[in-house]
There are 2 protein chains.
Amino acid sequence: MNSAPSTTDRAGYEDPRITRSRALIMEAAARVFLQRGYPGTSVDDIAAEAGVSKRTVYNVFDDKEQLFRAILDQAITTAERYSLAFGATAAETVDVEVALTALARELAASVLSGRVVPLRRLLIGEASRFPEFAAEYYERAPARVMTAVAGALRGFGERGLLRIDDPELAAEHFAFLAIGPSLDRALFDLESDTDAATATRAVERAERGAAAFLRAYAA
Amino acid sequence: MNSAPSTTDRAGYEDPRITRSRALIMEAAARVFLQRGYPGTSVDDIAAEAGVSKRTVYNVFDDKEQLFRAILDQAITTAERYSLAFGATAAETVDVEVALTALARELAASVLSGRVVPLRRLLIGEASRFPEFAAEYYERAPARVMTAVAGALRGFGERGLLRIDDPELAAEHFAFLAIGPSLDRALFDLESDTDAATATRAVERAERGAAAFLRAYAA
DNA sequence: CCTACCGATCGGTAGG
DNA sequence: CCTACCGATCGGTAGG
């Protein structure tokens, strides 16, 4: 899809050298895009970071935008896989307080660590240039996680452990009580990406957010 | 500060032509930066939008970055003025449900309309290039509003109308229940900026968020 | 894989 | 003489 058709034969096999180059380039591009932004990153930067020539980059990807698209697809795939697993364990627990506290911690750990926050910065910052990228990511990543949370909360509601009238709204309340303040601040504060103290505070906030949710939605 | 010292005499008077040019340039720069981003905007674009020559832009501002800084200062000043007034009326009310619902609506209206969301996109997107701009904005705008909300909630707590142990945490819970989901989505969805249906849904969400807060923090 | 190069455009500055 | 402003163009770099 993202590469020239000629690099793949009719049976779908790709030259292993291209496969290897693609992986190197995508990893390098993700690293550099997330750090310096889309316009702040030149294709030369990516090629140098990947240890390939610029010409190789253009052999594997049509242009800079398609490379961005490939990075986004990869991130969305990861997020979708994650959202399927999310909350699966929580739904089996009988102690709703324990389950929701664990769910809040899990949410904080997954959203506030790794590349999620840098990717959000990138997509939000480029939303005017690539509105469809930002919108698609939102629908296929955070919105899916929200749906998974809503499903778990509906389960608790049906078992009489919580009072849930509107699972989608309740999921939003749960998620934003748990990680809303931490996430919002993280978007503006680059240093927090690697700061251990920030991570600790985020987990504590998640726990206290879950506690507030439990008070608001107690059966 | 931003202009050459020679344009202002010892008494602080500035050539009225410069004052007028500065206003034209800043309004144009705010419009274009917020729409197309910092690197996506050329100084020529700004000059054209302001109806002045590029040379005039460089007579008033040292460079493109200082112009960005001036826009940011203006936005921060507006936000600080707003945060001082915020919640002043709420603290006088006796009916806490009415007061908090009004506060939530007020928060939604002020954050989700106007230039706040586009400015957030700009600062978040440029956080890697201008980390101090993003951090300063956060501390002087959203963080101040949060402090104002915390003050109002503390007042309700002291009057026995709410159970508030930690006003700062409670303020975060209130704010993110009220506008967290709407704000997060707005950052990714450019069309929502001018969409009336989105605004209506945001107000409804704010009201239901305030209701959840009241359940969690009832005395 | 490297150097060289293109058409276009950038931020910033020259002379008048 | 000064400053503000103009049309034109600088050196350097972007994506391709």
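Me: Let's fix the classes up front: Ala, Val, Leu, Ile, Met, Phe, Trp, Tyr, Cys and Pro count as nonpolar, Asp, Glu, Lys and Arg as charged, and the others, Gly among them, as polar. So what makes up the surface near DNA strand D?

Reply: That surface divides into four nonpolar, eight polar and six charged residues. Before we go on, this is a predicted model, where local features need pLDDT of at least 70 and side-chain atom pairs count only at pLDDT 80 or more, while totals for chains, interfaces and linings use all residues. Residues are numbered from 1 along each chain as its sequence is written, chains are lettered from A and ligands numbered from 1 in the order written, and side-chain values use heavy atoms, without hydrogens and water.

Me: What makes a residue "near" strand D?

Reply: One of its heavy atoms has to lie within 4 Å of the strand. By that rule 18 residues surround DNA strand D, with S42(A), K54(A), I18(B), S53(B) and R55(B) the closest. On the DNA side, 69% of the strand D atoms within 4 Å of the protein belong to sugar or phosphate, and the rest to bases.

Me: Why is the pairing of Y58(A) with a phosphate oxygen of DNA strand D called a polar contact?

Reply: A polar contact is a pair of N or O atoms within 3.5 Å (within protein, one must be able to donate a hydrogen and the other to accept it, and residues adjacent in sequence count only if both atoms are side-chain atoms). A side-chain N or O atom of Y58(A) sits 3.0 Å from that oxygen, so the pair qualifies. T41(A) gets there through a polar backbone atom, at 2.9 Å from a phosphate oxygen of strand D.

Me: How do you know that E139(A) forms a salt bridge with R185(B)?

Reply: The test is a side-chain nitrogen of Lys or Arg within 4 Å of a carboxyl oxygen of Asp or Glu. Here the closest N and O atoms are 2.9 Å apart, so the pair passes. Across the interface of chain A and chain B, the rule finds eight salt bridges.

Me: What makes up the buried area between chain A and chain B?

Reply: Buried area is the accessible area (1.4 Å probe) that two parts lose on being put together, summed over both. For these chains that's about 3,600 Å², with 63% of it on carbon and sulfur atoms. I124(A), F176(A) and F188(A) supply 21% of what chain A buries against chain B, more than any other three residues.
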